[in-house]
Amino acid sequence: MTAIISAATLASDLAAGSAPVLLDVRYKPGDPPGLPLYQKGHLPGAVYIDLESELAAKPAAGTGRHPLPTLDAFGTAMRRAGVSARRPVVVYDAGGLGGGWAAARCWWLLRWAGHPDVRVLDGGLAAWEAAGNPLSTDTPDPDPGDFTPSPGGMRTLDADEAAALARHGILMDARAAERYRGEVEPLDPVAGHIPGAVSAPTTENLTDAGTFRSPHALADRFEALGATPGTEVGVYCGSGVSAAQEVLALHLAGIDAALYVGSWSEWTAEPRRPAATGPERG
């Protein structure tokens with residue numbers, strides 16, 4: 001089963017009455033929560049999920065900006081939305097160029113927590129609307145789900161493991177290339193990247209239409225970055241959100257990758273950790 005679903009396939013499923021649980025996870029760093037946008041129009045039957053409060057815990061000293069939510073909080077949010085272990089889930093965000101981050105965070109969390117059937121709407125809301133599909137302003141009230149998180153379904157890295165992987169495997173930095181090089185740093189106290197990491201911006205996982213590139217094209221991209229058969233792969237970003245989109249793209253390419261959830265925001269919270277700058281790995 002692929003981890004993405006096209007707007008055409010999802011529309012067909014909805015028309016046939018075989019609707020999955022739909023989760024609207026619209027989010028943009030630095031912007032207000034996406035609830036007002038959801039209320040103006042969303043996929044029929046979709047439930048809004050707030051990334052900051054339901055897909056992440058509040059940051060604490062030494063953590064990144066988006067630590068994993070507690071199992072209780074995440075399970076409660078998913079059950080409120082109607083998520084059950086035996087029913088498929090489709091998650092989406094605004095989509096478009098550079099999109100897929102928030103939806104992939106929800107996809108990754110559900111897979112990490114043990115849900116067997118989760119897909120991301122390829123191209124997000126933008127692709128849904130471009131195909132002429134309808135939106136709704138009704139707020140659904142689904143029956144509570146029975147999903148109980150059981151973590152371990154996706155691999156994670158801590159700071160020490162990420163540092164080691166950058167030396168003996170491939171650690172991809174999913175942020176924009178200028179942040180990797182240390183030319184700009186709008187959010188964290190130190191610019192640069194984890195020594196040994198390779199630059200792999202998430203924008204290069206998408207077509208001009210904002211949908212994922214083909215599995216073959218993604219595999220070629222990641223192979224050029226060093227993700228060859230037998231190589232251990234990990235990903236980080238600024239706070240663990242956009243890196244989930246990279247993990248999803250790697251998954252589509254047939255590559256299993258671990259996520260450094262704390263990412264650069266956690267790495268730089270400890271002043272003794274080194275930071276590299278410039279375009280080269282090292």
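Two strands are taken to pair if DSSP finds at least two bridges between them. With that in mind, the sheet of this predicted model is a good place to begin. Five strands form an open sheet in the order β6-β10-β9-β7-β8, and their pairing is parallel. At the edges stand β6 (156–157) and β8 (198–199); each has a single partner strand, so one side of each is left without a neighbour in the sheet. Within the sheet, β7 (residues 170–173) and β9 (residues 233–236) run in the parallel sense and are joined over four bridges. In this pair, Leu 171 of the one strand stands opposite Gly 234 in β9.

Attention now turns to the pockets. The largest pocket holds about 380 Å³ of space. Its lining comprises 19 residues, and those nearest the centre are Tyr 27, Lys 28, Pro 29, Asp 31 and Ala 94. Two helices contribute to this lining, with at least two residues supplied by each of α2 (35–40) and α5 (101–112). By residue class, the lining of the largest pocket divides into ten nonpolar, five polar and four charged residues.

The second largest pocket offers about 330 Å³ of space and is likewise lined by 19 residues. Nearest the centre of this second pocket lie Pro 29, Trp 101, Arg 179, Leu 187 and Ser 242. Nine nonpolar, seven polar and three charged residues make up its lining. Pro 29 thus provides a handy landmark for the reader, being listed among the residues nearest the centre for the largest pocket and also for the second largest.

Definitions and conventions
Residues numbered from 1 in each chain as written. Predicted model: local features only at pLDDT ≥ 70, side-chain atom pairs only at ≥ 80, totals over all residues. Heavy atoms only, no water. 1 Å grid on protein atoms, 1.4 Å probe; cavity = no way out; pocket = protein on both sides within 12 Å on 5 of 7 lines; lining within 4 Å. Points joined across faces, edges and corners; volume = space filled by probe spheres on them. Nonpolar A, V, L, I, M, F, W, Y, C, P; charged D, E, K, R; others polar.
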